[in-house]
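Here are my notes from a first pass over this one. Have a look at the structure, then see whether you read it the way I do.

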Amino acid sequence: MPRFLIHHVTKYTYPEPVRDSANQMMLYPIKDEYQEVLSQRIAISDEPFIEVYKDYYGNEIGSFMNIAPHLQLRIDSNISVVTKPRQFPVDDKPADVQWHYLQEIQYVIPYIDFLKQEYFSKLDEVKQVANPALFTNKTIFETVQELNTWVYNNFKYIKGITTVETTLDEIWNLKAGVCQDFAHILLLMLRLLGIPSRYVSGYVCPKDSSLRGEGATHAWAEAYIPYYGWLGIDPTNNCVVNDLHVRLAIGRNFSDCSPMKGTYKGTAKQTLEVGVSVSYEDGQVHNEEAAILTPSVVDASLRDEQSTDGSNNSYRRYMQMVQQQQ
């Protein structure tokens, strides 16, 4: 059972004082039979009071405010977590029995929440790959693995080519992106086949092998396997998730799991720096990216304008980008 020490830093710097900063963070690891959180310390500049509660999906969320004028906001999360290996599904039920089981639960909570499709204009193209007729004789586990590999083989991993505002249509046309894009495309395919699937935010912590997604928050998917339960699959790395992944939150998509969201009053310009470092129980540091924060200047000058579909303002959409998962 590996023990990971994870340091996650988020730092905002403003050219002039801002105030009334209200924030929500999803930096608390999931606690269950596969993941034990030994300790966690969250330090925030100016030491605001943190209210912790659970959302609809059972994720722990911390909210805090910084009313006083400030030039910087820094959030440091230090966790010690033990992950436990899990047994993978055993296909001891016929494929038709498994597909029938999924049909029976498609309108049952919580599975119904993880079958709802987002808008996508290229469904006909996706259905050529995620065609139910192609998987009739395959078990759900086999189907999930095949589609996971398809996304890995057909999409290029390129940092910076997309943001969380990039639509599914744009990702599909680009055939490229980062982990959150790989996860969203896989979710689209699995849901088309009637397989309940959910988005997962967390960290990938390789020790003896190189995995994409190091040095930042990571994203993957979980599919519901009949007679087994939820199984993590990582299309960015073409693997079934085991004890090298640390889970922070689950939801329908990225917007349900964004590590940081917030708003403030003040200048539209700010610099964001984010870094994640992982060390192991033997003291070895796999990377020091939490100490080498990567800055990016952003403009929130349109924070009071409505988005093109009128659903929310552009500043809120920006705040969903501030920790774009890599």
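The points below cover one helix, one strand with its partners, and the cavities.

1. Bear in mind that this is a predicted model. Everything that follows is computed from it.

2. Start with helix α1, residues 95-105. Its buried residues are A95, Q98, W99, L102 and I105. Looking down the axis of α1, these fall within an arc of 125°, so they line one face of the helix. D96, Q103 and E104 sit on the other side of α1 and are exposed.

3. What does the buried side of α1 pack against? The buried residues of α1 pack against α3 (140-154) and β9 (218-225).

4. Next, strand β4, residues 60-66. Because 5 of its 7 residues are buried, β4 is largely enclosed by the rest of the structure.

5. β4 pairs with β1 (residues 3-25): the two run antiparallel and are joined by 5 bridges. In that pairing, N66 of β4 has S21 opposite.

6. β4 also pairs with β3 (residues 51-54), again antiparallel, over 4 bridges. Here E60 of β4 stands opposite K54. The β3–β4 hairpin has 5 residues between the strands, and G58 takes a positive phi near 90°.

7. On to empty space: how many cavities of 30 Å³ or more does a search of the whole structure find? There are 3, and the largest has a volume of about 50 Å³.

8. The lining of that largest cavity is made up of Y34, Q35, T83, K84, R86, V241, N242, D243, H245 and R247. By class, the lining residues come out as 2 nonpolar, 4 polar and 4 charged.

Notes:
Residues numbered from 1 in each chain as written. Predicted model: local features only at pLDDT ≥ 70, side-chain atom pairs only at ≥ 80, totals over all residues. Heavy atoms only, no water. 1 Å grid on protein atoms, 1.4 Å probe; cavity = no way out; pocket = protein on both sides within 12 Å on 5 of 7 lines; lining within 4 Å. Points joined across faces, edges and corners; volume = space filled by probe spheres on them. Nonpolar A, V, L, I, M, F, W, Y, C, P; charged D, E, K, R; others polar. Buried < 20%, exposed > 50% of the residue type's maximum accessible area, 1.4 Å probe, protein only. Arc of directions from axis to C-beta. Contact = heavy atoms within 4.5 Å. Pairing = 2+ DSSP bridges.
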